[in-house]
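Let's walk through this fold together, one question at a time. Have the structure open beside you.

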Amino acid sequence: MHTPIPSLASIHWAVPPSTLQRPAIRVLPPLVADQIAAGEVVERPASVVKELLENALDAGATRIEVELAQGGIELIRITDDGAGIPPDELPLALAAHATSKLRDAEELARIGTLGFRGEALASITSVARVRIRSVAPGHEPSEIEGAGDQRSAVRPAAVARGTSIEVRTLFFNTPARRRFLRTPATEQTRCMEVVRDLALAHPAVALRALCDGRETLDLRAEQGPRARALAILGRELEDNLVEVHADEQHDARGVSLWGLVGTPAVARSNARAQRVFVNGRAVRDPSIQHALREAYRGLIEPGRYPTAVLMIDLPPDGVDVNVHPAKAEVRFRDQGMVHSLVLNTVREALRRADLTPTLAHRTGARPAIFGPGDGPTDTASDAQSFADYFRRDLPASTGGRFDYQAVRDALDRVLTMGSKVEPAGDASDERERPDPASPEAAPATPASQLEALPRRDHLQVHQSYVVAQDDDGVVIVDQHALHERAMFEALHARITAGPLESQSLLTPAVVDTSSERVTRLEELTPLLERLGIDAAALSPSTVGVRAFPTLLFSRGVDPIDFMSELLDRADADAFVPDSEEALREVLDMMACKAAVKAGDRLTDAEIGALLELRGSVERSTSCPHGRPTSVRLTLADLERLFERR
Amino acid sequence: MRVVCDRAALLEAVNLVSGVVASRTPRPQLTCVRLDATSEDGVGTLVLSGTDAETSMRLAVDRVDVERAGEALVPADKLRQIIQAEDHESTLTLEADGDSCQVLGTDARFRVLGYPASDFPAIGDFKSAVKGSAESAPARAVFTHNAGDLSELIARTIFATARENSRYAINGVLLHKDGKKVEMVATDGKRLALARSALAAPGAGDGPVKCIVPTKALQHLQKLLGDDEEPVRLAVGENRITFAIGASEDGEDPRALLSSTLVEGAFPPYQDVIPKDQDKSITFDRDLLFSAVKRAALLTNEESRGVRLEFDSAGKKLRLSSRAPEMGEANVEIELKEYKGDGVEIGFNPGFITEALKVINQPEIVMELKDSMKPGLIRSGPDFTYVVMPVNLQ
């Protein structure tokens, strides 16, 4: 039963020749071309706000007002006191690739203005109803209107200063795009993000924003960057911000960095609270985000993002801003230098800062447990909500809710301890039980217990936390987290000097595992060698540990348990055996297992040594997983708790 | 029950028995010590018993005067604290009535609430351990050793058991009895100690017997052992071992009785890990080596625990050194009595060496080595062999 094979020719001609006719290539009508260009630049009201604000700033404005109606979907009006546009240039303002900011291609290499491509207004006009009213010195105030490809004549108008641009009914002629807009509230939020970004980058310019007639932002002119940043982030956040700057170290290369970075307590679950400006332009730069993440490594949990406002200034020829239609991405000539500048500056600032979270910081400026505050001053202001935006969604593990009752219970026990003599042997665990048969180890007499108490300036509660005092108040230390951090840093320093010391075993410790994991053992070997682990496959599904770090042995870590967990982790796709991440992950695992655990009773000497680590160990405020190692109740917190003020 | 006791003797006995009573248990009776006072032909005896269901102890108290026989079940902790606190008394009187027990001094009277003595689980005697009972089969082996040799066997091995509970380590000492030979072996996976001694008589039972005795039980046993010549009867059962201390040949009326469940599982094939092809042999003065290792260990810490031993065969010298980052280093050099073989360099955990040297009685020891990655061997006569795995120094 043969199916006749059609000849090549018959296949070729199976399609009737007539259908092969193709549309001719034509130049797009200007409106369509502008609308396509608008698709790249004008995505939503926020992009219009951004373009217009940049124009205003480029025009040298010192005072800008932004008005939005319906989140900018219905109206965006930007009024500035800048240079203004003469009447004869108004029609050009609405034409594509017309700009006053750039004359030739050579200038593109050193763009000092925010806008430069000359397509913004044309693009916006192609999808919205635009009216420009402007007055340039020595000219008559005048206006022009445009909508789609329609342009009005230039008419006289009543304008006192600068320029006012109105953009109404965005996407009136592209209903498909209009349908893609979000709710007015969402669009308003995005617009205000843009406004704030530009306000952060231009602290000298006064900025006022009205949303549906309500004032949401009012920033005075001539602020310094710090004052401006705090005015926007919320002054209450000040204690949780660390200032970073680096002019001097890198001024030879003409780069300066200034910023405010949040303590780990205000880290967030996404990168949106990272505001990075390059030459006054808000950008998203993966390498800077990476540098920030690295700087906070170990201080915050993986999956959380530090909050930061960073201003990077470098000569115009050090950065290419013409790589993204919305100019949201830039390309650095020396990316590595910028990366290391951010990383080193932020890391150093964090190292110097006291990152111990306090009760107030952990719960927001005015935690509910303190009852209602002094009454709302500017609670409705957008600055407040922006500040809230930084504080929202604190991780469950680090609180957000501070367990006040637990602290009070702990303090109660501190206060009552002197009067209570615990029967010996009751609370101590099996291991530390005094050997009853030897007279020396007989239980402490009540007299000696009482003697020991008053001299202590720290206390272990529930064999898990250490309570101590410092100059600012009460510090509560998570004994495991702090010790783990210290062990991690020590191991990390130790391992860079050479492999860990390892103890050989008489007979291999046998780990039962899967054959897949056994096959991965080989690529793990260099990592294991650094750790002082000598392991080899004994059979297709067993691994024998022949040597194991002395440190882990002395900490009672079982080689079989450790090795099977390590093989489990190495089985994860993200685990690259020869990477720094893998090394850190395994060291972290070691530190966690070797550190004292919650529930371990510590002697006074051990507690003293542990507390000393707070001062001596880098990044001691967080465990390697990024959870805090200690929290602080400041004297001010205590005064509030006791209603002394 | 009413018994007048010498306070010191009572305290010692209560301390020993308290060691085995359970500290945390849902059965409060197991946190108690049982007191049994008997009087026969004018000779009074007070026997204390304690158990945590795994280890049990019965101990006769010296220097007592039983005025009225009877029994009591008293919380061990309280009893011990009271006797301890009454340190100005030379004698104390124990008086029990029903569920409570009174401790009477000259100026103090304590009434401690306990439980009916019948609530206490029965502790089998040596005879039932030998003959078997409703719950257990007859003993696999019954033999007698003297307290001195037994104590030395324990001391020479118990230090090498694992200190922590883990899946890898064995928390017990192997007891291997074959004819008149008895061996004890302990290991924590990093070193292994083997001690031997000879019995006066092979005892009863067929063929060799091996069992793993929990470390804890041996620690209790060591404290119960007194006079070196005192006989100790051992009965090794299916899952229990029983020691009768100071008993007659048939195990009757021992001064103290200790019984413990055995550790289940197989002991590593220890004969295989004792190296047989060492090609370097060094004879040491025990005390000199001990002192050198101890001094070299002064500059070790948790992360750099090892001490480096560099044997110079030509100069018959040993250089010991340690180095801890951020702490410093130590160097000690000693002369060697005798060195056979080439020079070698090897690292050891210093504690593993000194702990072994402490249990050696002879003034001379022999260390045998092969290379820096291979186990080291320490011998003291035919009765003590110690294998120690090296530390890989960096």
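The questions below go through sheets, helices on sheets, and a helix pair.

This is a predicted model, in which local features need pLDDT of at least 70 and side-chain atom pairs count only at pLDDT 80 or more, while totals for chains, interfaces and linings use all residues. Residues are numbered from 1 along each chain as its sequence is written, chains are lettered from A and ligands numbered from 1 in the order in which they are written, and side-chain values use heavy atoms, leaving out hydrogens and water.

Q: In the open sheet of chain B that contains β18, which strands stand at the edges?
A: Strands here are DSSP runs of E with at least two residues, numbered from the N terminus, just as helices are runs of H or I with at least four. Two strands pair if DSSP finds at least two bridges between them. The antiparallel order in chain B is β6-β2-β3-β4-β18-β17-β16-β10-β14. Each edge strand has a single partner, so one side of each is left without a neighbour in the sheet: they are β6 (70–75) and β14 (204–205) of chain B.

Q: Which residue in β17(B) stands opposite V232(B)?
A: Strand β16 (residues 231–236) of chain B runs antiparallel to β17 (residues 240–245) of chain B, and five bridges join them. Opposite V232(B) stands I245(B).

Q: At what angle to β10(B) does helix α4 of chain B run?
A: Helix α4 (residues 147–158) of chain B lies across β10 (141–146) and β16 of chain B, where contact means heavy atoms within 4.5 Å. Axes are lines fitted to C-alpha atoms, for helices over the stretch in contact, and angles run from 0 to 180 degrees between N-to-C directions. For α4(B) against β10(B), the angle is about 100°.

Q: In β13(B), which residue is the bridge partner of M184(B)?
A: Strands β12 (residues 181–187) and β13 (residues 191–198) of chain B pair in the antiparallel sense over seven bridges. The partner of M184(B) is A195(B).

Q: How are α17(A) and α19(A) oriented to each other, and why?
A: The axes of α17 (residues 515–531) and α19 (residues 559–570) of chain A come within 10 Å and cross at roughly 110°. Angles under 35 degrees count as roughly parallel, over 145 as roughly antiparallel, 65 to 115 as roughly perpendicular and the rest as oblique. The two helices, α17(A) and α19(A), are therefore roughly perpendicular.

Q: How many nonpolar residues are in the contact of α17(A) with α19(A)?
A: Among the residues making the contact are L524(A) of α17(A) and L566(A) of α19(A). Ala, Val, Leu, Ile, Met, Phe, Trp, Tyr, Cys and Pro count as nonpolar, Asp, Glu, Lys and Arg as charged, and the others, Gly among them, as polar. Three residues of the contact are charged, none polar, and the nonpolar ones number eight.
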